[in-house]
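Let's take a walk through a protein model and see what holds its parts together. Have the sequence and the 3D view ready as you read.

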Amino acid sequence: MNIRAVCFLLMTGWMAFPANAQQEITLEFSYMENTVFTIQDELKSQMYMNYQGNNGQMPPQLVGKMPSIADSRVEKLQKFTTGKVAEDGSYPVEMAILKNRQFVSMNQAEMKEVPQNENSMEGVIFSGRRTKDGNFIYEGTRGKPISAEQKEIIKTVFSQLGSLNELNGKKMKVGDTVSMDVPTALPFGQGRNATMNTKTLFTLNRIEEDLAFFDVRYQIEVSTDEGKGLSASGGGDGSIIYHTKLHYMSKMDTRMVMEMFIPMGEGRMAIKSTTKTIRSPH
């Protein structure tokens with residue numbers, strides 16, 4: 001399982017809440033056409049890893065290394081551009097990763113930057129279209145070559161951008177809560193898939209001019225299509241701010257805790273991760 005892929009998917013739930021009145025909004029999940037904005041993200045994560053099982057049967061690559069703690073920090077800068085509406089009601093959507101730097105530390109050693117290599121997404125520009133009915137279609141990438149796995153991640157990101165259309169048109173007043181369930185198929189290797197089911201609850205806290213303030217809670221379950229193998233669950237909470245006229249998430253501050261179990265030999269690897277995400281306009 002590519003943990004960075006899961007984090008990336010969690011970070012791309014762009015939503016829009018156009019304002020109807022000072023204390024009421026109508027949900028509309030979409031990008032706004034003819035818009036350019038830049039978002040800065042910082043993700044801080046800590047993973048505690050340990051082997052569960054008979055230590056005498058521990059895989060050789062883990063001997064002497066368990067338990068282990070890995071800390072990481074990701075700094076990301078993304079530019080989003082949408083174009084004019086075409087005759088069929090669709091319009092282009094482009095996402096450029098201007099910066100994607102990762103810093104890591106093992107067992108509380110000094111944090112060091114991971115060298116840029118062919119797996120880095122920095123410099124990648126991927127594009128697609130938003131259709132009239134609110135779906136997003138991936139069309140391609142440019143800027144630098146990407147791997148097949150990265151391409152599948154990007155395709156999933158684009159498909160999920162339109163997954164919240166069922167909430168469109170719902171009205172919310174201060175104090176109201178709406179929930180949504182979003183299943184996401186993730187490549188797991190060797191032709192297998194994992195499914196990540198995310199339940200998100202948004203509670204409208206207040207409205208100030210063009211900004212809507214929400215408290216948010218997450219519940220996440222991950223399982224493989226065979227019903228065995230990798231499994232994970234978790235949840236989190238935080239706050240988000242949406243710009244009701246420009247139709248994008250301007251700020252976010254969330255904390256997510258996940259527990260993951262991966263079969264290894266006669267036992268399994270247990271991973272507990274804590275991720276804090278801060279998003280702000282740039």
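What follows is a short tour of this predicted model, from its cores to its charged pairs and a few backbone oddities.

**The cores**

A good place to start is the inside. The largest nonpolar core has 33 residues, and the ones that touch the most other members are Ile25, Met172, Phe202, Leu204, Phe214, Val222 and Ile240. Several strands feed two or more residues into this core, among them S3 (36-52), S10 (177-189), S11 (192-208) and S12 (211-224). Which strand gives the most? That would be S12, with 6 residues.

Met172 is worth a click. Leaving aside residues up to four places away in sequence, Met172 touches Gln23, Glu24, Ile25, Leu27, Thr177, Val178, Phe202, Leu204 and Phe214.

There's also a second, separate core, made of 17 residues and including Phe80, Tyr91, Ile154 and Phe158. Two of those names come back in helix H2, where the buried residues are Gln150, Ile153, Ile154, Thr156, Val157 and Phe158. H2 covers residues 148-160, and its length checks out: at 1.5 Å a residue, 13 residues should span 18 Å, and the end C-alpha atoms sit 19 Å apart, which agrees.

**Rings that meet**

Searching the whole structure turns up 3 aromatic pairs. One of them is Phe37 with Phe80, a stacked pair with centres 5.3 Å apart and 10° between the planes. Phe37 belongs to strand S3 and Phe80 to strand S4 (residues 68-82), so this pair ties together parts that are 43 residues apart in sequence. Are these two rings buried or exposed? Phe37 has 7% relative accessibility, so it counts as buried, and Phe80, at 1%, counts as buried too.

Phe202 and Phe214 meet in another way: their ring centres are 6.1 Å apart and their planes lie at 90°, so the pair is edge-to-face. With Phe202 in S11 and Phe214 in S12, the pair ties together parts that are 12 residues apart in sequence. Phe202 is buried, with a relative accessible area of 4%, and Phe214 is buried at 1%. Add Tyr242 to Phe202 and Phe214 and you have one aromatic cluster.

Rings can also sit under a charge here. The charged end of Arg73 is over the ring of Phe103, 4.2 Å from its centre. Likewise, the charged end of Arg206 is over the ring of Phe213, 3.8 Å from the ring centre.

**Charged pairs**

Side chains of opposite charge can pair when their charged atoms come close. In this model, a search of the whole structure finds 9 salt bridges. Here are three of them:

| Acidic residue | Basic residue | N to O distance |
|---|---|---|
| Asp41 | Arg279 | 2.7 Å |
| Glu94 | Arg142 | 2.9 Å |
| Glu122 | Arg101 | 2.7 Å |

The pair of Asp41 and Arg279 makes quite a link along the chain. Asp41 lies in S3 and Arg279 in S15, so the salt bridge ties together parts that are 238 residues apart in sequence. Both Asp41 and Arg279 are buried.

Glu94 and Arg142 come from strand S5 (residues 91-106) and strand S8 (residues 136-142), so their pair ties together parts that are 48 residues apart in sequence. Neither is hidden away: Glu94 counts as partly exposed at 24% relative accessibility, and Arg142 counts as partly exposed at 43%.

Glu122 lies in the loop between S6 (112-113) and S7 (125-130), while Arg101 is in S5, so this pair ties together parts that are 21 residues apart in sequence. Arg101 is partly exposed, with a relative accessible area of 28%.

Arg73, already seen over the ring of Phe103, is also linked with Glu75 and Lys99 in a network of salt bridges.

**Backbone oddities**

Finally, a look at three loops. Where does the chain have a cis peptide bond? The bond joins Met66 and Pro67, with omega at about -5°, and Pro67 lies in the loop between S3 and S4.

Asn107 has a phi near 55°, a positive value in a residue other than glycine. Asn107 lies in the loop between S5 and S6 and counts as partly exposed at 48% relative accessibility. Glu209 also has a positive phi, near 55°. Glu209 sits in the loop between S11 and S12, and is exposed, with a relative accessible area of 69%.

Definitions and conventions
Residues are numbered from 1 along each chain as its sequence is written. This is a predicted model: local features need pLDDT of at least 70, side-chain atom pairs count only at pLDDT 80 or more; totals for chains, interfaces and linings use all residues. Side-chain values use heavy atoms; hydrogens and water are left out. Helices (H or I, at least four residues) and strands (E, at least two) are DSSP runs, numbered from the N terminus. The expected span of a helix is 1.5 Å times one less than its number of residues. Buried means under 20% relative accessible area, exposed over 50%, partly exposed in between (1.4 Å probe, protein chains only). A nonpolar core is a set of buried Ala, Val, Leu, Ile, Met, Phe, Trp, Tyr and Cys residues joined through side-chain atoms within 4.5 Å. Contact means heavy atoms within 4.5 Å. Rings of Phe, Tyr and Trp (its six-membered ring) pair if their centres lie within 6.5 Å; planes under 30 degrees apart count as stacked, over 60 as edge-to-face and the rest as tilted. A charge sits over a ring if NZ of Lys or CZ of Arg is within 6 Å of the ring centre and within 35 degrees of the ring normal. A salt bridge is a side-chain nitrogen of Lys or Arg within 4 Å of a carboxyl oxygen of Asp or Glu.
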